[in-house]
Amino acid sequence: MTADRTGPGPAPEPGVRKPGALLVLDGVRRCFGGIAAVHVEHLEVQRGTITALIGPNGAGKTTLFNLVSGFDRPDGGRWTFAGRRLDGRSPHRIARSGLVRTFQLTRTLARLTVLENLLLAAPAQRGERLSAALFAPVWRGQERAHRARADELLVRFRLDRLRDEYAGTLSGGQRKLLELARALMARPQMLLLDEPMAGVNPALAQSLLGHITQLRDEGLTVCFVEHDMDVVMGVSDWVAVMAGGRLVAEGPPATIGRNPDVVDAYLGRRHDEPEADGADPRRRKGR
Amino acid sequence: MDFSAVLADAIRSGIGPIAAVFAIAAMGLNLHFGYTGLLNFGQVGFMLVGGYGLAITVVTWGGSMWLGILVGLASALVLALLLGLPTLRLRADYLAIATIAAGETLRIFYRSGWAEPTTGGVFGLQRFAGDFYALNPMPPGRYGLWEVRFGARDLWVMLVGWTLVLVIGLLLALLVHSPWGRVIRSVREDETAVRSLGKNVYAYKMQSLVIGGLLGAVAGMLQAIQVQSVNPDSFDPAVTFFLYTLLVLGGAGRILGPVVGSVLFWFVLTFVDSALRQAIGAGIVPSDVISTSEVGAVRFALVGLALILLVAFRPQGILGSRKEMLLGDR
């Protein structure tokens, strides 16, 4: 694994500064009717690492993703990605800057083929301009290159057999893979994965984790939301814990489980509220 | 009962100028609804501003036909922007509400007494297509085969109309099979996903709305030219629903869907109309059951029945793929 896991990393405390931070959040706040769904004072995501964002249901993890990716408007705060301010930008501009997200419920384009799903994501396509669309020679060369890259990704994610099928015919697990492949087609610097393992069988979950680790090893930065603690421990280099919209703890996975703040805010919740759905990793796996 | 006359009537209508007009307008609607997923319920409004743009320029302002065509297209562009700017950022339903209201508002506005000095009010405007017919290379007379015959003027409109259908069809086929078309079709499937991949969905929806609206204006101008007249009440909201009917009939999201749909729609509509009239005339259907004055309404009832059967047994339309349609039902 990477040096971060063995070497002396950043101190395990919420809002800690990290060397080579790619995404930096400051005072990001989102209220729904007076209740602060998200209020993160400071969070940095280190370049080239896998960061897990965990927390019980309703902790504000997905809301934070929606804010950072531009799909929701914050009530305050700012964030920079690779040194550029991204707050107030529209989702497509954030994606173009290299910060690409996926969704908890997969959003495959049902009546497009698997290949077309990937081709759509390729950035800066000449043929996407209306003025150039009618003149195939302008974009044909670029399209051919995109096709080659899409085919590579399809082989990598074992979707090559399904290349010309409508994406709507894919199974749930295949859709997860397709969405990950499609996000990569957009040539991101950083991926925001919203519960990539939700509703996926254990074998496929392992394969997805393998893909994510491999992407990290290739230099990609990954941040994912998850509430299954076991998954988080195995794969992440760093864990950030949210509860009640706030960042309550941060640290390497080996120590985060022992952090009393996490036990209070996350695991402790289980003992206080045994019926709290999803807060208990064992119950969730049993389903 | 004269079956050959019924068949000739139906064929004449199916390949006639109005079928070409509806095909062009429905091709625009197909880009909106079939490819981009935009619910435009006011395509007739684009036809109206196109037809009136031409008529007003020539009759009221004394301009040339060519200037009139430009004015008609420019009006459709402005209308598309006015409709799109406030609604395309919102959910699909809002465009539907805005367009259906705009179509009807335009019709009422153009027929109002206030607008009468410019638009001719309820009387509309007449005789503005002289330049168009002056270009007709065919000498007067009747042309055609068997009992299917057209006058030189209608034939000239048909020639121009079906040529436009061909050219527009080719351009649209190139467009939807380009990367631009891929974005458009993706927006139809899930615009949030498209946005998350770095595409400016709003701009694409606007481009689609403008192009389809321009096609509506072209159809409106051709219709105005064909009858040498524009009248507000010929731009009834029902026109939009006929367009949807023939689009579903032919197959939405297929380049030739609206063309096949328009030909078939007018063929069947006229066939039923003509056959009923013949049957009443020959006493097969007693005139106290259906009188000739009621045929107009009855044919639509029968077309409605045919549509219900179509939706029940072939919901994807004639050219559509059933597999693809089922996937769309998320």
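Is B:D190 buried or exposed? At 8% relative accessibility, B:D190 counts as buried. Keep in mind that this is a predicted model. Here are my notes, point by point.

1. **The bridge between chains.** The residue I opened with, B:D190, has a salt-bridge partner in A:R107, and their closest N and O atoms are 3.0 Å apart. A:R107 sits in the loop between β6 (99-101) and α4 (114-121) of chain A, while B:D190 sits in the loop between α9 (179-189) and α10 (191-196) of chain B, so this pair joins two chains. On the chain A side the cover is less complete by the usual classes: A:R107 has 27% relative accessibility and counts as partly exposed. As background, side chains of opposite charge can pair when their charged atoms come close. Over all chains, the count comes to 27 salt bridges.

2. **A salt bridge between α10 and α11 of chain B.** Next have a look at B:E191 and B:K205, whose side chains meet in a salt bridge at 2.9 Å, N to O. The two belong to distant parts of the chain, 14 residues apart: B:E191 is in helix α10 of chain B and B:K205 in helix α11 (residues 201-227) of chain B. B:K205 counts as buried, at 4% relative accessibility. B:E191 is partly exposed, with a relative accessible area of 24%.

3. **A charged network in chain B.** Four residues, B:E104, B:R107, B:R111 and B:D233, are linked in a network of salt bridges. Within this network, B:D233 and B:R111 meet at 3.2 Å, N to O. That pair links distant parts of the chain, 122 residues apart, with B:D233 in the loop between β4 (229-230) and α12 (237-250) of chain B and B:R111 in the loop between α5 (92-110) and α6 (116-119) of chain B. B:D233 counts as partly exposed at 34% relative accessibility, and B:R111 counts as partly exposed at 31%.

4. **The largest pocket.** This one is worth opening in your viewer. The largest pocket has a volume of about 1,100 Å³. Its lining runs to 46 residues, and B:T36, B:G37, B:V187, B:R188 and B:E191 lie nearest its centre. Both chains contribute: the elements giving two or more residues to the lining are α3 (91-96) of chain A together with α2 (17-36), α5, α9, α10, α11 and α15 (322-328) of chain B. Note that B:E191, among the residues nearest the pocket centre, is also the salt-bridge partner of B:K205.

5. **An enclosed strand in chain A.** Over in chain A, five of the five residues of strand β3 (residues 50-54) are buried, so the strand is largely enclosed by the rest of the structure. Both of its faces are covered, with A:I50, A:A52 and A:I54 buried on one side and A:T51 and A:L53 buried on the other. As for neighbours, β3(A) runs parallel to strand β8 (residues 221-225) of chain A, joined by four bridges, and A:A52 stands opposite A:F224 in β8(A). β3(A) also pairs in the parallel sense with strand β9 (residues 238-243) of chain A, again over four bridges. There, A:L53 has A:A240 as its bridge partner.

6. **Cavities.** The structure holds seven cavities of 30 Å³ or more, and the largest has a volume of about 100 Å³. Of the 13 residues lining that largest cavity, A:L23, A:L43, A:L64, A:F65 and A:C223 are the closest to its centre. Strand β3 of chain A turns up again here: along with β1 (21-32), β2 (35-46) and α2 (61-68) of chain A, it gives two or more residues to the lining.

7. **The open sheet.** Chain A also has an open sheet of four strands in the order β2-β1-β4-β5, with antiparallel pairing. β2 and β5 (84-85) of chain A stand at the edges with a single partner strand each, so one side of each is left without a neighbour in the sheet. Strand β4 (residues 76-81) of chain A and β5(A) run antiparallel and are joined by two bridges. In β5(A), A:R85 is the bridge partner of A:T80.

8. **A nonpolar surface patch.** Finally, on chain B, the residues B:L166, B:V167, B:L170, B:L171 and B:L174 form a nonpolar patch on the surface, with about 470 Å² of accessible area together. One of them, B:L174, is in helix α8 (residues 152-176) of chain B. B:L174 counts as partly exposed, at 45% relative accessibility.

Methods. Residues numbered from 1 in each chain as written. Chains lettered and ligands numbered in written order. Predicted model: local features only at pLDDT ≥ 70, side-chain atom pairs only at ≥ 80, totals over all residues. Heavy atoms only, no water. Patch = residues over 30% accessible without salt bridge, like charges linked within 9 Å, V, L, I, M, F, W, Y side chains within 5 Å. Areas by Shrake-Rupley, 256 points an atom, 1.4 Å probe, with all protein chains shown as cover. Buried < 20%, exposed > 50% of the residue type's maximum accessible area, 1.4 Å probe, protein only. Pairing = 2+ DSSP bridges. 1 Å grid on protein atoms, 1.4 Å probe; cavity = no way out; pocket = protein on both sides within 12 Å on 5 of 7 lines; lining within 4 Å. Points joined across faces, edges and corners; volume = space filled by probe spheres on them.
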